[in-house]
Number of protein chains: 2
Amino acid sequence: MKSPSSLDFLTEALRRLPGIGPKSAQRMAYHLMQHDRDGAGLLGRALLQAVKRVHHCASCNTFTENELCEMCTDSERDATLLCVVETPADQLMIEQTLTYKGLYFVLMGRLSPLDGIGPKDIHLEKLIARATDGVVKEVVLATNFTNEGEATAHYISETLKARGIRVSRLARGVPVGGELEYVDAGTIARAMLDRRST
Amino acid sequence: MKSPSSLDFLTEALRRLPGIGPKSAQRMAYHLMQHDRDGAGLLGRALLQAVKRVHHCASCNTFTENELCEMCTDSERDATLLCVVETPADQLMIEQTLTYKGLYFVLMGRLSPLDGIGPKDIHLEKLIARATDGVVKEVVLATNFTNEGEATAHYISETLKARGIRVSRLARGVPVGGELEYVDAGTIARAMLDRRST
């Protein structure tokens with residue numbers, strides 16, 4: 001017994017989505033064909049449109065449909081500050097804090113030698129060019145505080161400091177609302193070393 | 001800060017997939033745009049092609065690209081037997097057992113009054129027309145052994161028996177390899193009631 005080939009083709013294609021295995025792909029394909037053909041058509045058009053239109057901002061490397069993204073063309077932002085984040089989702093989180101008014105550079109990844117992701121894959125040359133444009137005074141590293149994120153921050157920091165650029169890193173410490181009893185020792189050790197006078 | 005609208009459109013569209021929430025949809029959209037544009041294009045084309053080409057078999061109601069599916073046009077199958085299943089995946093499971101050589105009718109769902117799914121939604125009229133074509137001698141009910149599946153089987157059984165058609169149901173009992181100590185009491189009770197002479 002064979003399924004119709006368009007359905008097989010769809011099930012195979014759904015497996016290209018991250019985290020979707022053969023069973024989920026089959027369930028999705030059946031669901032779309034049986035209960036949501038409008039949704040299937042909509043998603044199909046959305047995918048093709050996005051592939052055609054979305055590319056990287058020439059300045060900050062995030063996704064945009066124009067030469068420069070909206071934020072990079074916003075004259076209200078402080079162009080002397082450049083915050084380096086791993087993903088657009090991280091950028092969104094920082095924006096939501098309302099504590100940062102500078103510009104961004106989105107790596108679209110992190111250094112991860114085990115996965116074969118080197119400096120080229122995180123657009124380091126583009127970042128260096130951006131950071132040494134003469135306007136940027138300080139680069140704030142806001143990569144994740146995971147092993148890969150820390151390594152990425154360290155690598156970028158060394159590279160930029162060698163070019164005479166001031167580099168800072170988001171503060172590490174006890175989270176807001178954190179009870180010392182339940183915070184891991186590594187975080188407390190870091191908070192102790194980085195303690196600040198009040 | 002706004003994401004490019006094609007990306008928003010894609011993220012929204014990905015949420016039409018079953019089991020995909022806002023965070024997963026965003027992660028998928030970023031992944032496709034950053035790491036797998038070929039996959040995105042492939043999936044987009046697969047969706048549009050499937051929407052255009054895939055429809056229901058006129059005889060057994062499963063998905064097909066032709067008027068009749070491959071199995072319904074296979075003269076080697078025993079046309080006097082008709083097995084009723086909920087989904088094409090269930091049909092595939094039964095085929096894999098190699099114990100059934102008749103034809104199928106795929107409900108594409110189950111009766112579920114709480115979800116507003118009535119006899120019309122599971123194509124009951126089409127099934128009745130199919131089962132009373134004069135060739136079918138026995139209808140084997142192979143809906144799931146869940147509450148909805150059992151209710152569906154009961155409803156179909158009553159409807160078909162009223163029209164003088166012989167109806168059977170897959171046997172219930174202890175699974176192959178099952179140890180009585182770990183089998184639920186309901187299953188053992190059923191196996192006791194349905195015991196057979198050896």
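**Entry 1: overall shape of chain A**

I began with the radius of gyration of chain A, which comes to 22 Å, whereas a compact globule of 198 residues would have one near 16 Å. A reminder to myself: this is a predicted model. I then took the spans of the C-alpha trace of chain A along its principal axes and got about 70 × 45 × 35 Å.

**Entry 2: secondary structure of chain A**

How many helices and strands does chain A have? I counted seven helices and six strands. Reading along the sequence of chain A, I wrote down the pattern α-α-α-β-β-β-α-β-α-β-α-β-α.

**Entry 3: what the UniProt record says**

I looked up the annotations next, and both come from an unreviewed entry. UniProt lists residues 57-72 of chain A as "zinc finger region: C4-type". In the model, I find 0% helix and 12% strand over residues 57-72 of chain A, with the end C-alpha atoms 8 Å apart.

UniProt also lists "domain: Toprim" for residues 80-175 of chain A. I find that span to be 34% helix and 20% strand, and its end C-alpha atoms lie 28 Å apart.

**Entry 4: where chain B meets chain A**

On to the partner chain. I find 54 residues of chain B in contact with 54 residues of chain A. What area is buried between chain B and chain A? I get about 5300 Å², and carbon and sulfur atoms give 70% of that.

I also looked for polar links. With both residues at pLDDT 80 or more, 14 residue pairs are in polar contact between chain B and chain A.

Which elements of chain B give two or more residues to the side that touches chain A? My list for chain B reads helix H1 (5-14), helix H2 (22-35), helix H3 (37-53), strand E1 (55-56), strand E2 (63-64) and helix H4 (88-97). H3(B) gives the largest share of that side, with 16 residues. Sorting the residues on the side of chain B that touches chain A, I get 29 nonpolar, 14 polar and 11 charged.

**Entry 5: salt bridges**

Last lookup of the day: the rule finds two salt bridges across the interface of chain B and chain A. I noted down Asp36(B), which forms a salt bridge with Arg16(A), and the closest N and O atoms are 3.0 Å apart.

How values were computed. Residues numbered from 1 in each chain as written. Chains lettered and ligands numbered in written order. Predicted model: local features only at pLDDT ≥ 70, side-chain atom pairs only at ≥ 80, totals over all residues. Heavy atoms only, no water. Contact = heavy atoms within 4.5 Å. Buried area = accessible area lost by both parts, 1.4 Å probe. Salt bridge = Lys/Arg side-chain N within 4 Å of Asp/Glu carboxyl O. Polar contact = N/O pair within 3.5 Å; in protein donor to acceptor, adjacent residues only side chain to side chain. Helix = DSSP H or I, 4+ residues; strand = E, 2+ residues; numbered from the N terminus. Nonpolar A, V, L, I, M, F, W, Y, C, P; charged D, E, K, R; others polar. UniProt positions renumbered as here; feature names shortened; annotations may be inferred. Rg over C-alpha atoms; globule rule 2.2 N^0.38 Å.
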